[in-house]
Amino acid sequence: MDGQHDPARRAPRWWRHGPAWWDRRGDEERAPRWPWRSTVLITAFVLFGSNFAAHAQAGERAALDPFARVLLFVTGAALLWRQRYPVPVVFGTAVTTLVYLGAGYPYGPVFAAVAVACFSAVVAGHRKASWAAMGTLWAGHALVAHWLYRWLPPSGDSAASWGQELVIATWVVAIAALSELARARREQWARERAERAQAARRRADEERLRIARELHDVLAHSISVINVQAGVGLALLDTDPEQARTALTTIKDQSKEALGEVRQVLDTLRSPGDAPRAPAPGLDRLPELVEQAASAGLTVEVAGEPPRLSPGTDLAAFRIVQEALTNVVRHSGSRRAHVRLDRDGNTLLLRVDDDGPATGAEAGGSGNGLAGMRERAAALGGTIDAGPRPDGGFRVLATLPIDVKHTTHPKEDDR
């Protein structure tokens, strides 16, 4: 959709996500701050504005006296507690305003304090209390204006028109409605912030698991080859120095490669924006795995050609083969493994077999490697089936979608 015709995109960012200072609302609810400045401004506005209202309504309403000014000051000053005690404040300002009007003092900005108190109470979640306070104010004013006015100042006053009561009722409803709108927007912003925080935590967890899988796959494979070659070197050190030298050379090459890949992973953590970017491994490096397995004494037969894969599937397939061959080296008595690649529609079928038998209780792997395989496959919408074969040995069968969109991690595919 074109951005010029998308209302959500035309809306200001603060309207969609809330102003920046609302992000600290959770801390304020645990320890509300004292709203000194706004309270002083509102109280000053109420006091000075009422003076102008008194001049404009001279002869119609009672003049301001010390009692009136005390009522105005108390009404405004009560707003200082509106975040800590919203319900008492909204009822308190409604009562003092009703007393002010019942004493015949001029109409004016005294209603501003009630409006702010109502707003704070509704936003804080005390909707019924706020509506009750505003209803009490309107009902009390109607009672004063149509019945008690005979005994209340100013003398000679007549009953107010019902049109005036309608205006006041409209004002009360408008204030409460605006407060409800602000409460609804605040709750929406809170939900969106919670969703963004949850999404950020989920991305962090996914990134942590991704890095754990990368480190496990790199280190497990390389260290397994190093372990085998170290055993060969020790066994042949005295009887066949040349073969021992070959084993030590393999150890050096494997450790160098492992250190390089670990360094790439660590670089992405230290400086994600400036990390070196190199192609992620894929099935095009399958001959390297075969060669590395051969240096560990494992003969690998590969059947089938890999189809053109998306980067995410290519990386996952490479790591699955790498981990499966590592498990054969570590946990199988067989010195031969079979890798087969097939395509079934839009699915890559990847199978790794060894003839066994298992050399220990952890046949097929320690569990972390298999869990990593399953996580990689599941992230792409594929599956992993791993277990002993009926005729002996162990089999890993992976089904991976060939075309995967928007599932690969940029750091992983372009390191």
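Is arginine 336 buried, partly exposed or exposed? In this model, which is a predicted one, arginine 336 has a relative accessible area of 33% and is therefore partly exposed. The report below first sets out the chain as a whole, and then returns to this arginine and its partner among the salt bridges.

**The chain as a whole**

The protein chain has 415 residues, of which 42% count as buried, and its secondary structure comes to 14 helices and five strands. When contacts between residues at least 6 apart in sequence are considered, 75% of them join residues that are at least 24 apart. The accessible surface of the chain comes to about 22,600 Å², and carbon and sulfur atoms account for 60% of that surface.

**Salt bridges**

Side chains of opposite charge can pair when their charged atoms come close. The count for this model comes to eight salt bridges, and the table gives three of the pairs, each with the distance between the closest N and O atoms.

| Arginine | Acidic partner | Closest N and O atoms |
|---|---|---|
| Arginine 285 | Glutamate 288 | 3.2 Å |
| Arginine 336 | Glutamate 301 | 2.6 Å |
| Arginine 351 | Aspartate 353 | 3.0 Å |

In the pair formed by arginine 336 and glutamate 301, the arginine lies in strand S2 (residues 336-344) and the glutamate in strand S1 (residues 299-303), so that the salt bridge ties together parts that are 35 residues apart in sequence. Glutamate 301 counts as partly exposed, at 37% relative accessibility, and arginine 336 is likewise partly exposed, at 33%. As for the pair of arginine 285 and glutamate 288, glutamate 288 is partly exposed, with a relative accessible area of 36%.

The pair of arginine 351 and aspartate 353 joins a partly exposed arginine, with a relative accessible area of 30%, to a buried aspartate, with a relative accessible area of 4%. Both residues belong to a network of salt bridges that links Arg351, Asp353, Asp355, Arg389, Asp391 and Arg395.

**Arginine 351 and proline 388 in their strands**

Arginine 351 is found in strand S3 (residues 347-354). Leaving aside neighbours within four places in sequence, arginine 351 is in contact with His338, Val339 and Arg340, and also with Arg395, Val396 and Leu397. Arginine 351 and threonine 399 are 48 residues apart in sequence, while their C-alpha atoms are 8.8 Å apart in space.

Proline 388 lies in strand S4 (residues 383-388) and counts as exposed, at 70% relative accessibility. When residues up to four places away in sequence are not counted, proline 388 touches Gly393 and Phe394. From proline 388 to glycine 356 the separation is 32 residues in sequence and 9.1 Å in space, C-alpha to C-alpha.

**Helix H5 and its surroundings**

Helix H5 (66-77) has 12 residues and reaches 16 Å from its first C-alpha to its last, which is close to the 16 Å expected at 1.5 Å a residue. The buried residues of H5 are Ala68, Leu71, Leu72, Thr75 and Gly76. These residues cover an arc of only 125 degrees around the axis, which puts them on the same side of H5. An α-helix has 3.6 residues a turn, so residues three or four places apart point the same way. The cover over the buried residues of H5 includes helix H4 (36-56), H6 and helix H7 (110-123).

On one side of H5 in sequence, glutamine 57 has its place in the loop between H4 and H5. Glutamine 57 counts as buried, at 17% relative accessibility, because the cut-off for a buried residue is under 20%. Apart from residues up to four places away in sequence, glutamine 57 touches Pro106 and Tyr107.

Tyrosine 85 lies in the loop between helix H5 and helix H6 (86-102). Tyrosine 85 is partly exposed, with a relative accessible area of 48%, and takes part, together with Trp34, Trp36 and Trp81, in a nonpolar patch on the surface. The four residues of that patch have about 490 Å² of accessible area together.

Definitions and conventions. Residues numbered from 1 in each chain as written. Predicted model: local features only at pLDDT ≥ 70, side-chain atom pairs only at ≥ 80, totals over all residues. Heavy atoms only, no water. Helix = DSSP H or I, 4+ residues; strand = E, 2+ residues; numbered from the N terminus. Buried < 20%, exposed > 50% of the residue type's maximum accessible area, 1.4 Å probe, protein only. Contact = heavy atoms within 4.5 Å. Areas by Shrake-Rupley, 256 points an atom, 1.4 Å probe, with all protein chains shown as cover. Patch = residues over 30% accessible without salt bridge, like charges linked within 9 Å, V, L, I, M, F, W, Y side chains within 5 Å. Salt bridge = Lys/Arg side-chain N within 4 Å of Asp/Glu carboxyl O. Expected span 1.5 Å × (residues − 1). Arc of directions from axis to C-beta.
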